[in-house]
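This briefing is meant to be read alongside the sequence and the coordinates shown below. It begins at the start of the chain, then turns to charged pairs, surface patches and overall composition.

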Amino acid sequence: MDEELIFRTIEAQRDLVDSAARQTKAIRRHQARRAHLERRQMIDVTPAPEAPDSLPAPQTKGNALKDHPGFYVEEWYDDD
């Protein structure tokens with residue numbers, strides 16, 4: 001064995017240990033950030049069997065947008 005191979009192997013092992021330590025720290029930080037989040041029970045949103053397939057049409061006469069009287073709007077003009 002030559003000396004250069006030994007030193008390259010030592011450096012590679014040190015890099016491996018440093019990389020593992022960084023990943024472990026990142027995982028711990030991630031878990032700490034998410035620790036306050038609780039798993040909650042899912043809400044059942046399936047429709048009841050007696051629910052209608054569609055909503056009834058509104059009982060208005062004509063077009064609601066066209067029949068609306070409108071809103072009061074203040075108009076400001078420059079007196080220049």
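## Contacts, charges and surface of a predicted model

The side chain of Asp 2 comes to 3.1 Å from the backbone nitrogen of Glu 4. This distance, like every value that follows, is computed from a predicted model. Asp 2 itself sits in the segment before H1, and the protein chain as a whole has two helices and zero strands.

**The start of helix H1**

- Besides its contact with Glu 4, the side chain of Asp 2 also reaches the backbone nitrogen of Leu 5, in this case at 2.9 Å.
- Asp 2 counts as partly exposed because its relative accessibility is 44%, a value that lies between the 20% limit for buried residues and the 50% limit for exposed ones.

**Salt bridges**

- With the criterion of a side-chain nitrogen of Lys or Arg within 4 Å of a carboxyl oxygen of Asp or Glu, the count comes to two salt bridges.
- One of them joins Arg 8 to Glu 4, with the closest N and O atoms 3.2 Å apart; Glu 4 is also the residue whose backbone nitrogen is reached by the side chain of Asp 2.
- Arg 8 and Glu 4 are both located in helix H1, where a spacing of four residues corresponds to about one turn of the helix, and both of these residues are exposed.
- The other pairs Glu 11 with Arg 14, whose closest N and O atoms are 3.7 Å apart.
- Glu 11 and Arg 14 are separated by about one helical turn, because they stand three residues apart in helix H1.
- Glu 11 has a relative accessible area of 42%, and is therefore classed as partly exposed.

**Surface patches**

- A positive surface patch is formed by Lys 25, Arg 28, Arg 29 and Arg 33.
- Within this patch, Lys 25 belongs to helix H1, which spans residues 3-34, and the relative accessible area of Lys 25 is 45%, so that this residue is partly exposed.
- That 45% for Lys 25 also satisfies the patch requirement of over 30% relative accessible area.
- Ile 6, Phe 7 and Ile 10 together make a nonpolar surface patch of about 250 Å².
- Ile 6, a member of the nonpolar patch, is found in helix H1 and counts as partly exposed because its relative accessibility is 40%.

**The chain as a whole**

- The protein chain contains 80 residues, of which buried residues make up 0%.
- The accessible surface of the protein chain comes to about 9300 Å², and carbon and sulfur atoms account for 56% of this area.

Key:
Residues are numbered from 1 along each chain as its sequence is written. This is a predicted model: local features need pLDDT of at least 70, side-chain atom pairs count only at pLDDT 80 or more; totals for chains, interfaces and linings use all residues. Side-chain values use heavy atoms; hydrogens and water are left out. Patches are made of residues with over 30% relative accessible area and no salt bridge: like charges are joined within 9 Å, nonpolar side chains (Val, Leu, Ile, Met, Phe, Trp, Tyr) within 5 Å. Accessible areas come from the Shrake-Rupley method with a 1.4 Å probe; for residues, only the protein chains shown count as cover. Lys and Arg count as positive and Asp and Glu as negative; His and the chain ends are not counted. The place of a charge is taken as NZ of Lys, CZ of Arg, CG of Asp or CD of Glu. Buried means under 20% relative accessible area, exposed over 50%, partly exposed in between (1.4 Å probe, protein chains only). A polar contact is a pair of N or O atoms within 3.5 Å; within protein, one must be able to donate a hydrogen and the other to accept it, and residues adjacent in sequence count only if both atoms are side-chain atoms.
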